[in-house]
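Got the viewer open and a few minutes to spare? Let's walk through this one stop by stop, with something to select each time.

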Amino acid sequence: QVQLVESGGGLVQPGGSLTLSCAASGSDFRINSMGWYRQAPGQQRELVAAITSGGSTNYANSVKGRFTISRDDINNTVYLQMNSLKPEDKAVYYCNVRGRHIFITWQVQDYWGQGTQVTVSS
């Protein structure tokens with residue numbers, strides 16, 4: 001129903017910036033929220049940021065003030081602007097889309113991107 005394509009990962013120095021993008025495509029699906037999760041080696045996958053269709057946002061405490069999530073409804077794309085990156089931000093970042101099939105509105109479905117590596121190192 002939904003396909004996600006992530007881009008924007010890479011290598012940056014501490015204090016640098018990166019912008020991640022995730023484009024969603026498909027049919028018969030209404031998106032309720034989009035977000036980003038990350039998983040570092042030996043760590044549990046954690047929510048980084050999320051944004052609802054109404055524009056409400058939620059951030060992990062560790063990234064507040066540094067990361068900004070936004071969305072483009074026309075292109076069904078979610079972005080994560082990451083500033084002042086720290087070595088502890090190094091992880092694989094996964095795009096997440098949550099929504100409902102337009103004909104089965106009582107069922108919520110999650111979709112995940114393939115993951116993109118973010119490395120912060122000098």
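## Stops along the chain

Start at strand β10 and pick out Y111, which counts as buried at 17% relative accessibility, the cut-off for buried being under 20%. Keep in mind throughout that this is a predicted model.

**The F29 and Y111 pair.** Now add F29 to the selection. F29 and Y111 make an edge-to-face aromatic pair, with 5.4 Å from centre to centre and 90° between the planes. Where do the two residues sit in the chain? F29 belongs to strand β4 (residues 29-39) and Y111 to strand β10 (residues 104-112), so the pair ties together parts that are 82 residues apart in sequence. F29 is buried as well, with a relative accessible area of 15%.

**The Y37 and W112 pair.** Clear that and select Y37 and W112. These form another edge-to-face aromatic pair, 5.0 Å centre to centre with 65° between the planes. Again distant parts of the chain are linked: Y37 is in strand β4, W112 in strand β10, and they are 75 residues apart. Buried or partly exposed, what would you call these two? Y37 is partly exposed, with a relative accessible area of 21%, and W112 is partly exposed too, at 39%. For Y37, keep the cut-off in view: buried means under 20%, so 21% puts Y37 in the partly exposed class. If you're keeping a tally, the count of aromatic pairs comes to 2.

**R45 over two rings.** Leave W112 showing, then add R45 and Y94. Which rings does the charged end of R45 sit over? One is the ring of Y94, with the charged end 3.8 Å from its centre. The other is the ring of W112, where the distance to the centre is 5.0 Å. That gives W112 two roles on this tour: it takes part in the aromatic pair with Y37, and its ring has the charged end of R45 over it.

**Two loops worth a backbone check.** Next, switch to the backbone and go to N76, in the loop between β7 (67-72) and β8 (77-82). N76 is not a glycine, yet its phi is positive, at about 50°. The residue is partly exposed, with a relative accessible area of 34%.

Carry on past β8 to S84, which lies in the loop between β8 and β9 (91-101). Here too phi is positive in a residue other than glycine, with a value near 50°. S84 counts as partly exposed, at 41% relative accessibility.

**Zoom out.** Select the whole chain and colour by secondary structure. How many helices and strands should you find? There are 0 helices and 11 strands, so to read along the sequence is to follow the pattern β-β-β-β-β-β-β-β-β-β-β.

Turn the chain along its principal axes and the C-alpha atoms fill a box of roughly 50 × 25 × 25 Å. The radius of gyration is 14 Å, which agrees with the value near 14 Å for a compact globule of 122 residues.

Try colouring by accessibility: buried residues make up 37% of the 122 residues. Then put the surface on, which comes to about 6700 Å² accessible, 46% of it belonging to carbon and sulfur atoms.

Last stop, the contacts. Of those with a separation of 6 or more, 55% are between residues 24 or more positions apart. For examples of distant parts brought together, go back to F29 with Y111 and Y37 with W112.

Technical notes. Residues numbered from 1 in each chain as written. Predicted model: local features only at pLDDT ≥ 70, side-chain atom pairs only at ≥ 80, totals over all residues. Heavy atoms only, no water. Phe/Tyr/Trp six-rings, centres within 6.5 Å; stacked < 30°, edge-to-face > 60°. Helix = DSSP H or I, 4+ residues; strand = E, 2+ residues; numbered from the N terminus. Buried < 20%, exposed > 50% of the residue type's maximum accessible area, 1.4 Å probe, protein only. Lys NZ or Arg CZ within 6 Å of the ring centre and 35° of its normal. Rg over C-alpha atoms; globule rule 2.2 N^0.38 Å. Contact = heavy atoms within 4.5 Å. Areas by Shrake-Rupley, 256 points an atom, 1.4 Å probe, with all protein chains shown as cover.
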